[in-house]
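This briefing is meant for a reader who is meeting the structure for the first time. Please look over the sequence and the model before turning to the points that follow.

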Amino acid sequence: MKTSSNGKVFLVGAGPGAVDLITMRGAEILSRAQSVIYDHLVNPGLLRLAPASAELIYAGKRGGEHRDLGQREINLLLIERALKGINVVRLKGGDPFIFGRGGEEAEALVAAGIDFEVVPGITSAISVPAFAGIPLTHREYGSFVAFVTGHEDASEASVPWDDLAHAAKRGGTIV
């Protein structure tokens, strides 16, 4: 049961990597964090935006690598700290809801009755092509975009590659 003494969790997208590409809202939230749980893809320079007194916890994960903290443990860290009245920033590369497991973390927070806020970030799936001068949509060439994970898990639903290839031939972009 949620009480007023609980902290709040902020699921913050750090953007595509450069320190100056985090949103203003993300930087402001980070500047008030008491605890920051951050991923592998987060630029370490962003951690300097947090107060010197903030607890910094590395929860980095890379596809195929062994990790000390699994998703269940990360969810528990978020919940435990919020229940102690701590304001927690879950800092994730890109956007928390684009291949970032932010949805799973949000579900865990809802189930535990923890107040949270999502602060979107710019995903690399959009920013990298833009920096390279490649439009993902173009009136004459591409009318839709499909985002596909680069790290398929055999236990998860499989990417329908044949369907995507057919769709791309009909004017779509696959990222």
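**Salt bridges and backbone angles**

In this predicted model, Arg90 and Glu105 bring their side chains together in a salt bridge, with 3.1 Å from N to O. This pair links distant parts of the chain, since Arg90 lies in strand 4 (residues 88-92) while Glu105 lies in helix 3 (residues 102-112), and the two are 15 residues apart. Both partners are in the same setting, for Arg90 is buried and so is Glu105.

**Salt bridges elsewhere in the chain**

- The count of salt bridges in the model comes to 10, and the pair of Arg90 and Glu105 is one that meets the rule.
- Glu28 and Arg32 form a salt bridge through their side chains, where the distance from N to O is 2.6 Å.
- Glu28 has a relative accessible area of 32% and is therefore partly exposed, because that category lies between the limits of 20% and 50%.
- Arg32 has a relative accessibility of 46%, so this residue also counts as partly exposed.
- A further salt bridge joins the side chains of Glu104 and Arg101, and here the distance from N to O is 3.8 Å.
- Glu104, at 36% relative accessibility, counts as partly exposed, and Arg101 is likewise partly exposed, with a relative accessible area of 31%.
- Some of the salt bridges share partners, and in this way Lys8, Arg25, Glu28, Arg32 and Glu117 are joined into one network.

**Positive phi angles in a loop**

- Most residues other than glycine have a negative phi.
- Which residue has a positive phi of about 55° although it is not a glycine? That residue is Phe99, and Phe99 is found in the loop between strand 4 and helix 3.
- Phe99 has a relative accessible area of 53%, and because the exposed category begins over 50%, Phe99 is classed as exposed.
- Arg101, another residue other than glycine, also has a positive phi, with a value near 60°.
- Arg101 has its place in the loop between strand 4 and helix 3, and with a relative accessible area of 31% Arg101 is partly exposed.

**Bringing the topics together**

- Arg101 appears under both topics, for its side chain meets that of Glu104 in a salt bridge and its phi is positive, near 60°.
- Strand 4 and helix 3 likewise appear under both topics, as Arg90 in strand 4 is paired with Glu105 in helix 3, while Phe99 is found in the loop between strand 4 and helix 3.

Methods:
Residues are numbered from 1 along each chain as its sequence is written. This is a predicted model: local features need pLDDT of at least 70, side-chain atom pairs count only at pLDDT 80 or more; totals for chains, interfaces and linings use all residues. Side-chain values use heavy atoms; hydrogens and water are left out. A salt bridge is a side-chain nitrogen of Lys or Arg within 4 Å of a carboxyl oxygen of Asp or Glu. Buried means under 20% relative accessible area, exposed over 50%, partly exposed in between (1.4 Å probe, protein chains only). Helices (H or I, at least four residues) and strands (E, at least two) are DSSP runs, numbered from the N terminus.
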